[in-house]
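Me: I am new to this structure and would like a close look at a single part, namely the interior, and at how some individual places relate to it. Please begin with the surface and the chain in general, and then go inward step by step.

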Amino acid sequence: MAIALSPTAFIDKPIKFGTDGWRGMIAADFTMGRVVHVAQVAAQVLQQCYGKQTDSNTVIVGHDRRFLSPQFAQAAAEAITQIGFDVLLSEDFAPTPAFSWAAKDTGALGAIVITASHNPAAYNGLKIKSAFGGSVPPDVTQKVEAQLDTPVPTAAQPGQLERFDPWPSYCQELQSKVDLAGIQAAIANGKLTVFADVMHGSAATGLERLLGRPIHELNSEADPLFEGGAPEPLPKYLQRMLKTVADYEPTVAGGLVTGLVFDGDSDRIGAVDGKGNFLSSQILIPILIDHLTQVHGYSGEVIKTISGSNLIPKVAKLHEREVYETPVGYKYIADRMMESNALIGGEESGGVGYGHHIPERDALLSALYVLEAVVTSGMDLSDRYRSLQDLTGYHSDYDRIDLPLASMEVRDKLLHELKTNCPQTVAGKAVTHCLDIDGYKLTLADESWLLIRFSGTEPVLRLYSEAKDLAEVHKHLSWAKDWATAIG
C-alpha cells in the first residue's frame, strides 16, 4: 500500500510519548539518530527516578520482530554504554513483558524496548519500562521529553554491554503461577487442543516454551509487513485463525478447543472459542476475575478503564471485590496497581495485568490463566462467559469504531460542545450519568452506555458502546456519528 508523504511532514516533528511509548514511521521520524538520542536521555531519566531505589547502573534493552528492531536495539544499547551505563542487551526478540520482568528481576534501573506493539508495519517505537517492572508513569516520559534538547555528554569511562536471554527467567516466573501439570495433562490426553496466532510477533514460541507441549501455532515466521495488516488482535486480521479453529475436530470426544491471539509485542491478548468466534478482553476479564478468585483465592480490587464492560463490576460484586475505574491507557492501571492491593487490571483493547505479578499487561500470563480456566471448569470459553452473564443477570454486546475528523479544529469544536452542552439523550434514551475522566462516558437509562473520546495526537473520534444487543450498540454509535457530523 502506497503512503503519500508531504516532503516537510516529518521535518523537526517533535518526539512525543503516548499512552505507552513513542512511535513513529520508520525512516521518517523514527530514525537511527533519534532512537539513539532518546535512548540516552531515557537512561539518564531512569537513573534520576530510580537510581536511589535500585543502587544500579544497568539498563535492559530489548526488541520485537519488526523491521530493523534488532539494529535499533543494538544502536541504542551501544549509545547508552557511551554515556557510562551498563547494558543487558537481549540476544533475540522477546515479549515486552519479559523485559519488564527482567528489569525487576535483575534490579536494573529499567528497560528500553524497541517495539511499535500493534501498529502497522511502517511504524516502530520505543517503550520505557521502570525498575518496578511496568510502564513508567507520565511524569517520567515528560522528563524525557523535556531533556531531549539538552546534549548528552560522553562518559570518561564507558559502561559494559552484555548479552542475555530474557526467556528462561520470564517463563519460570509465569509457570509458577498456574497448575502447569494440569494444563499439560489435558493437552496430552486430548481433552484440550490449543491454537495460538502470534501474528508474526514476539509471542512466537512462547506458549510451547511455557507448556512444554506442542501446540498449533499460526503465523510463527517473522513478516516485516504483517501480511499487509497490523499485528493487532482484532477479527479483521484473524480470519485464518478463526476458520482454522472453527474447522478443527477434536480427536477425543468432548475435547475442548481454545484459541489464543497475541499482538506484536505480546502485551495484548484475544481469544477464540471452540466454534471459531473471536473473544475480546471484554469477555476474558470477567472470566479471569471469576477464575482467579475461585481457583486461586486471590483478593484485591478490580481495576478497569472507562471503556470496560459493565459485566466486569458485576462479576467483581459477586466476589465482593471493589472496582476502580481509570482513563484509557494501561499506565493509569499500573499507577493504581502500585498504590493498591489489586486483583487484576484490564482494558478493552486487550491489556490485562495482575497485582500478584508486575504492574504490566502480560498476554502470555493471561493465556496461561485462560487455559487453566478452561481445564478447571471443563467449559468452552463462550459457555463460561454465558454462565457469568446468567449468574449476574447482565447480558450485553459491545463494539467500537474510530471516526476520522476533518481537522484538529473540528476535534476542538466537538470537545467544546461536550464540555458546554453535553447530550441529555442518546438515540432517544435519557442520559442518567456522565463520567468525564477520559472523554465523556454517557450512561443511559437502560444501563447501556456510550463513550466519546478523542485522540490526543490526531483528528480522530473514538466511539465505544455497550448495550443489550448489537443492534442497540450500533444505534448508539450511529447516533454519535450523526451528532459529530452535525456539529463538525
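Reply: The accessible surface of the protein chain amounts to about 19500 Å², and carbon and sulfur atoms account for 50% of that area. It should be said at once that this is a predicted model, and that the values below are computed from it. Beneath that surface, 57% of the 488 residues count as buried.

Before going inward, it helps to have the overall frame in mind. The protein chain contains 15 helices and 21 strands. Its radius of gyration is 22 Å, close to the 23 Å that the globule rule gives for 488 residues, so the chain is as compact as a globular protein of that length. Taken along the principal axes, the box filled by the C-alpha atoms is roughly 65 × 60 × 45 Å. Of the contacts between residues at least 6 apart in sequence, 69% join residues that are at least 24 apart. As for charge, the chain carries 41 positive and 60 negative charges, and the mean positions of these two sets are 3 Å apart.

Now to the interior itself. In soluble globular proteins, nonpolar side chains tend to be buried together. In this model the largest nonpolar core has 69 residues, and those with the most contacts inside it are I60, L207, L211, L260, F262 and I344. The element that gives the most to this core is α12, with 10 residues. Apart from this core lies another one, of 36 residues, with F30, V38, F85 and V87 among them.

I60 is a good residue with which to follow the larger picture in detail. Leaving aside its neighbours within four places in sequence, I60 is in contact with L88, F99, A102, A103, T106, A108, G110, A111, I112 and F164. One of these, A108, also appears among the contacts of T54, which, with its neighbours within four places in sequence left aside, touches G107, A108, L109 and A131. T54 is located in helix α1, residues 32-54, and has a relative accessible area of 21%, so it counts as partly exposed, given that buried means under 20%. From T54 to G346 there are 292 residues in sequence and 28 Å in space, C-alpha to C-alpha.

With that cut-off in mind, consider two loop residues that do count as buried. A116 is placed in the loop between β4 (110-114) and β5 (123-129), and its relative accessibility is 0%, which is why it counts as buried. Beyond its neighbours within four places in sequence, A116 is in contact with R23, D64, R66, Y123, N124 and G125. In the case of D64, the two residues are 52 apart along the chain, while their C-alpha atoms are separated by 8.3 Å.

H357 is the other one, and its loop runs between β15 (352-354) and α12 (363-377); that helix is the one already named for giving the most residues to the largest core. At 7% relative accessibility, H357 counts as buried. Its contacts, with neighbours within four places in sequence set aside, are W101, K104, E173, L174, K177, D362 and L365.

Two further loop residues share a feature of the backbone yet end up on opposite sides of the division between buried and exposed. N219, though not a glycine, has a positive phi of about 55°; E320, likewise a residue other than glycine, has a positive phi near 55°. N219 is in the loop between β8 (216-218) and α8 (239-247), and with a relative accessible area of 9% it is buried. E320 is in the loop between α10 (311-318) and β13 (323-326), and at 72% relative accessibility it counts as exposed.

A last place to visit is K13, in the segment before β1 (22-25). With a relative accessible area of 35%, K13 is partly exposed. Its contacts, leaving aside neighbours within four places in sequence, are D29 and R34. K13 and E409 are 396 residues apart in sequence, and in space the distance is 19 Å, C-alpha to C-alpha.

Terms used
Residues are numbered from 1 along each chain as its sequence is written. This is a predicted model: local features need pLDDT of at least 70, side-chain atom pairs count only at pLDDT 80 or more; totals for chains, interfaces and linings use all residues. Side-chain values use heavy atoms; hydrogens and water are left out. Helices (H or I, at least four residues) and strands (E, at least two) are DSSP runs, numbered from the N terminus. The radius of gyration is taken over C-alpha atoms; the globule rule is 2.2 Å times the number of residues to the power 0.38. Buried means under 20% relative accessible area, exposed over 50%, partly exposed in between (1.4 Å probe, protein chains only). Contact means heavy atoms within 4.5 Å. Accessible areas come from the Shrake-Rupley method with a 1.4 Å probe; for residues, only the protein chains shown count as cover. Lys and Arg count as positive and Asp and Glu as negative; His and the chain ends are not counted. The place of a charge is taken as NZ of Lys, CZ of Arg, CG of Asp or CD of Glu. A nonpolar core is a set of buried Ala, Val, Leu, Ile, Met, Phe, Trp, Tyr and Cys residues joined through side-chain atoms within 4.5 Å.
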